[in-house]
Every structure is written in C-alpha cells, then in structure tokens.
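Student: I would like to learn how to read a ligand site and a pocket in a model of this kind. Could we begin with the contacts and then turn to the surroundings?

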Amino acid sequence: MSKSYLMNTYGRFDVTFEKGEGTKLYDKEGNEYLDFVSGVAVNCLGHCNPVIVNTIKEQSSKLMHISNYYWNENAMKLTEILCKNSDFDKVFMCNSGTEAIEAGLKLARKYGSIHGGEEKKEIIYMENSFHGRTMGALSVTGQPKYQESFRPLIGDVKSVKFNDQEDIKIKISKNTAAVIVEPIQGEGGIIPAKKEYLKLLRELCDENGAVLIFDEVQCGMGRTGKLFAYEKFGVVPDIVCIAKALGGGFPIGAMVAKENVAASFVPGDHGNTYGGNPLACAVATSVLGELIDKKIIEVNVNEKSGYLFDKLKKLKEKYHIISDVRGMGLLVGVEIKSDIKKIINTCFENKLLLITAGANVIRFLPPLNVSFEEIDKALSIFEKAL
Ligand SMILES: *Cc1c(COP(=O)(O)O)cnc(C)c1O
C-alpha cells in the first residue's frame, strides 16, 4: 500500500492501525497499543464501542442523509438533549470543531450588527489559543506558527493575554462583537483559565454588549468531569462550540447558543450540507446516552481523574524533569523540562500512545471509560520512559 498519495500535512508515527477495541489499538502486524490519545479527545467511549457500532448499523440501514430543507427526528432529539442538559436554547449542527467555531463567529457578528451597528464587528481572542484551521478560526488562533503562511487573515480581530485581567479591560470596547476563549487551552499546553478571569470576561461582555464564546471542542462533552466545561467554572457563556467527543469517533460538531443570541440567525444566514444528518445525530445521541445516563462522566471520569492525578503527582516528586501536572478531569498535561519527543517516542516503542500539547507538555487523553488497570499500565510504561 502506498503512502505517497496522502497530502503531507502531518508528521505521523511509523504505524498503520487496523482495528481498535476499547482503549486498545492494533496495527497490521497485530501489535497491541494502549491508546491515551483517543483520536485527540474524540473516542470518549473507546474504539468501536458496541453501542455506537449498533447505532450506525441500525440508522445507516434506515436513513443516512437528507437535506436540511426537511426535518428529521434524530436532529430534534439530539438538540433537545444538548439544551436540556445545559443552559442553552438553540443548536446549529455541523461536522467538526472548526465549523462550530466559524458558526459561532458568524452568529456573534450578526448579533453585533443588529444590536450595535456596522462598527460592532471586532473579535477578541487569546494568545496561545487554538480554534481550528479554516480562515476564520485560524484568524482568532493566537499562535503565529499556524497563521504565518496564510495571511491575509480576516480583519477586525485582536488578541489579548490569556488570564490577564488588565489586558482585556484595556482592549474590549463597544465595538467588540465577541470574545472567544477555551476554558482550558488544549493545543496550547493544557492551561486552565482562572475562574475569576472567566467571570471578568462575562462581566465585560455584558457591559459592552459583546457575545462570550467558549470553545469546548476539546474540553467539553465530559472530559472535565461535567458534560460542559463551563459548569466547572460557574460562568455561562452565550455560545459554546463543541465537536470531538460529541460523536465518539463519528464526525459531528455543534454550536450551542442562548435564545437571544441565536435569534439573530434567520434562514439563509448560515448553513451546510451535512450538519444535523440523521446518522451523525443518532450516533451523538447514543454517545450522550452512555455518557450521561450510564454516569460515565459523573462516576468514571471523576474517579479515574483523581487516581491519575495522584499517581502523576507522585511521579513529579520522584522525577525532577516533571515541572508541572495540570488539567481537569481526564484532560491532563504533564510539563517536562527535557526532551518530550524522546519520552513520547519511547512510550510509543513500548506501545503506549501519548501526544504533545504545546512545546513542553505531554497530554494524557484516555477514553472517558478507561479502567484503573489501563491507567496503571500506561503509567508504568510512562515511568520507564522517564
Ligand atoms: C480540535 C480543536 C478544534 C478544531 O476542531 P476540528 O474538528 O479539528 O476542526 C477547535 N478548537 C479546539 C479547542 C480544538 O481542540
């Protein structure tokens, strides 16, 4: 099989996976790997969870796709679950995280133009953030390395220092349409926002008539120990963007909003072909059913999180190259003072998958239904690599 036809957009590990089951992946030679990447926070129920597999089997033989010019009950059901389990009223369905961000940015600008006039277009974003690769999401991603070759980006955007109260106070104004922030910066190195900072953003947005957008694409859908990350911080934004774990491995995204903001969109303002299709919505509905009704978030995430953090903190005491262990729930970053690539590659050779977050952080993102034994096994491989 040739590797030469896939466009060269990723530095890939030298492995070709063929199948997966729970937290385990198998390559073509039948080697077993322990997966603490979960497709980057996607496979929240592990690989090929039977509930997801059965939903795909059943729904794909009934109806996979229809146009958004018609109604389908699966989309109604999923959006109702999302709203009834949150502080929001309306959902726009799409297929990925970056699409959810684009939808959020467009809704915020439309809301701004209705309520503040033509000048109210500015979007404020955080340094060190990550919101996706399309031109709009990229324009508010505060890491120059992602942006450099793709200018000009969209106009009327401005960055502020993350977690810095003074900077946002100076920069926000009546012309600000939106402030976008990850409650926990993911790609930037698993850096949680301070509670007081998010509270201040809420206050400043209210004072200036700006929309507060939380990007929960990575930290949402149970990863922190609550369905939505904002619940952990006690600050309710106007818009939340979700994707990744929402489909448990099936592509889907959503932009969830308060009624008063959502009302700015009217037919024709925004759309897409696949968003809200019956197959993706059926899968996400069964994922949420498992996460919420089977108490995977409430019980498993919180119990395993405590266990994983305890053990990692003990490793920090023992190995001085670990400078920090941080995060929330099962979104965990281990900051390292030496070469992280070498540690990750050694883990890989010993059949444990881990990835980086930023320059010097190793990310632990096991499935949300991970077991104690799997955590023990992962940590023994990790310790050996240390
Ligand atoms: C992954 C990610 C995105 C982009 O999502 P895609 O599905 O890759 O488009 C946006 N924001 C955050 C915080 C992410 O982690």
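Tutor: Keep in mind that this is a predicted model. A polar contact is read from a pair of N or O atoms within 3.5 Å, and in this case an oxygen atom of the ligand lies 2.8 Å from an N or O atom in the side chain of Q218. As for how much of the ligand is covered, the protein hides 81% of the 380 Å² of accessible area that the ligand has on its own.

Student: Which atom of the ligand is paired with the side chain of D215, and at what distance?

Tutor: That atom is a nitrogen of the ligand, 2.7 Å from an N or O atom in the D215 side chain. With T98, by contrast, a backbone N or O atom takes part, 2.8 Å from an oxygen atom of the ligand.

Student: Which residues surround the ligand, and how do the residues of that shell divide by character?

Tutor: The ligand is surrounded by S96, G97, T98, F130, H131, G132, E182, D215, V217, Q218 and K244, a shell that divides into 2 nonpolar, 6 polar and 3 charged residues.

Student: How much space lies in the second largest pocket, and which residues are closest to its centre?

Tutor: The second largest pocket holds about 1200 Å³ of space; 36 residues line it, and those closest to its centre are N68, W71, V91, F92 and M93. The lining divides into 18 nonpolar, 13 polar and 5 charged residues.

Student: Which element supplies the largest share of that lining?

Tutor: The largest share, 5 residues, comes from α3, while α3 (73–84), β4 (90–94), β12 (253–257) and α10 (259–262) each supply at least two residues.

Definitions and conventions:
Residues numbered from 1 in each chain as written. Predicted model: local features only at pLDDT ≥ 70, side-chain atom pairs only at ≥ 80, totals over all residues. Heavy atoms only, no water. 1 Å grid on protein atoms, 1.4 Å probe; cavity = no way out; pocket = protein on both sides within 12 Å on 5 of 7 lines; lining within 4 Å. Points joined across faces, edges and corners; volume = space filled by probe spheres on them. Helix = DSSP H or I, 4+ residues; strand = E, 2+ residues; numbered from the N terminus. Nonpolar A, V, L, I, M, F, W, Y, C, P; charged D, E, K, R; others polar. Near = heavy atom within 4 Å. Polar contact = N/O pair within 3.5 Å; in protein donor to acceptor, adjacent residues only side chain to side chain. Areas by Shrake-Rupley, 256 points an atom, 1.4 Å probe, with all protein chains shown as cover.
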